[in-house]
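Visitor: Please pick a single part of this model and take a close look at it with me. I'd like one connected tour, with the cut-offs spelled out as we go.

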Amino acid sequence: MIGIKENLAQIKTSIPANVTLVAVSKTKPIADIQEAYNEGQRVFGENKIQEMVAKFDALPKDIKWHMIGHLQSNKVKYMAHFVDLIHGVDSFKTLKEINKQAKKHHRIINCLLQARIAKEDTKFGLSFQDIDAIISSEEIVALQNIKIVGLMGMATFTDNQQQLEEEFLSLKNFFENKKQQQENQQENQQEKQEVKNIDLKIISMGMSGDYPLAIKNGSTMVRIGSAIFGVRNYIV
């Protein structure tokens, strides 16, 4: 019977070395996460803060926990002491709250801005114009306890490969454009006053059903759950 060990091994051989695998462990029991951990997996993603906190308390402390679900600002405080990366930041208000809570713990919390790339209306996220406004705003400079390290996007739930490719490419092209602008600004500044809390390195896109196509179109971080752990449990 194929299990977590075999699934992980197969997936790791199918992704390039420069792509980070986030094992999406939401709703999965401690034992399953421990099994993946024993096979060398260290990055896990959860979409509910309460569940992630319980797993953080129970599991080895060298695990890097990623918050991949939609984030409510009033719950940031519960994970600010340990979360490694927050994927779905979709407002400046949320960035301010993350900064506030990170400062209390003397930490800098890495964040991804979530872009709305899907053509369906059910996804959260910022428009490219909104992201541009946040990155270029004067207010972002004051948030010294967060670091925007990249962008995240969720494609439409569809079998249309051309549509998926267009959505993935839109994020890749926007990312590369912003990254180039950032590098040009730094080169042109005579005094080094660049915004130190923006360092675009990560494009997080692609899940169990579409991650090969996402990687082909520029993803450097994939979020894979069911292909590792099997069908999701809805009762924890």
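**Around strand 1 and helix 2**

Guide: Let's come in from helix 3 (residues 49-58), where Ile49, Glu51, Met52, Val53, Lys55 and Phe56 are buried. Before going on, note that this is a predicted model: local features need pLDDT of at least 70, side-chain atom pairs count only at pLDDT 80 or more, and totals for chains, interfaces and linings use all residues. Residues are numbered from 1 along each chain as its sequence is written, and side-chain values use heavy atoms, with hydrogens and water left out.

A few words on vocabulary. "Buried" stands for under 20% relative accessible area and "exposed" for over 50%, with "partly exposed" in between, using a 1.4 Å probe and protein chains only. Helices (H or I, at least four residues) and strands (E, at least two) are DSSP runs, numbered from the N terminus.

Back to helix 3: its buried residues pack against helix 2, strand 2 and strand 3 (64-67), where contact means heavy atoms within 4.5 Å. That brings us to helix 2 (residues 30-38). Here the buried residues are Asp32, Ile33, Ala36 and Tyr37. Because they cover an arc of only 140° around the axis, they sit on the same side of helix 2; the arc is taken from the directions that lead from the helix axis to the C-beta atoms. Turn to the other side of helix 2 and you find Ala31 and Asn38 exposed. As for what covers the buried residues of helix 2, the list includes helix 1 (4-14), strand 2, helix 3, strand 3 and helix 8 (226-229). Just after helix 2 comes Gly40, with a positive phi near 100°.

Now step back along the chain to strand 1. Strand 1 (residues 20-24) is mostly covered, with four of its five residues buried. Strand 1 pairs with strand 8 (residues 221-224) in the parallel sense, over four bridges; two strands count as paired if DSSP finds at least two bridges between them. One of the links here runs from Ala23 to its bridge partner Ile224 in strand 8. Strand 1 is also joined to strand 2 (residues 43-46) by two bridges, and these strands run parallel. Val24 has Gly45 as its bridge partner in strand 2. To get from strand 1 to strand 2 the chain passes through helix 2, and this β-α-β crossover is right-handed. "Right-handed" here means that, with the strands pointing away from the viewer, the path from the first strand over the helix to the second runs clockwise.

The loop between strand 1 and helix 2 deserves its own stop. Lys26 is found there, and UniProt, in an unreviewed entry, annotates this lysine as "modified residue: N6-(pyridoxal phosphate)lysine". Treat that as a record: UniProt positions are given in the numbering used here, feature names are shortened, and annotations may be inferred rather than shown by experiment. In the model, Lys26 is buried, with a relative accessible area of 18%. Thr27 lies in this loop as well and is buried too, at 13%. Thr27 has a positive phi of about 70° although it is not a glycine.

If you want a contrast, hop to His106, in the loop between helix 4 (92-104) and strand 5 (109-115). His106 also has a positive phi, near 55°, without being glycine, but at 75% relative accessibility His106 counts as exposed.

On the strand 8 side, look at Thr220, in the loop between helix 7 (211-216) and strand 8. Thr220 counts as buried at 18% relative accessibility. Leaving out residues up to four places away in sequence, Thr220 touches Asn18, Val19, Thr20, Lys201, Ile202 and Ile203.

Last, the nonpolar cores, each a set of buried Ala, Val, Leu, Ile, Met, Phe, Trp, Tyr and Cys residues joined through side-chain atoms within 4.5 Å. In the largest one, which has 62 residues, Trp65, Met79, Ile86, Leu95, Ile98, Leu113 and Ile228 touch the most other members. Helix 6 (residues 161-188) supplies the largest share of this core, five residues. There's also a second, separate core of eight residues, and it includes Val43, Leu85, Ile202 and Met221.
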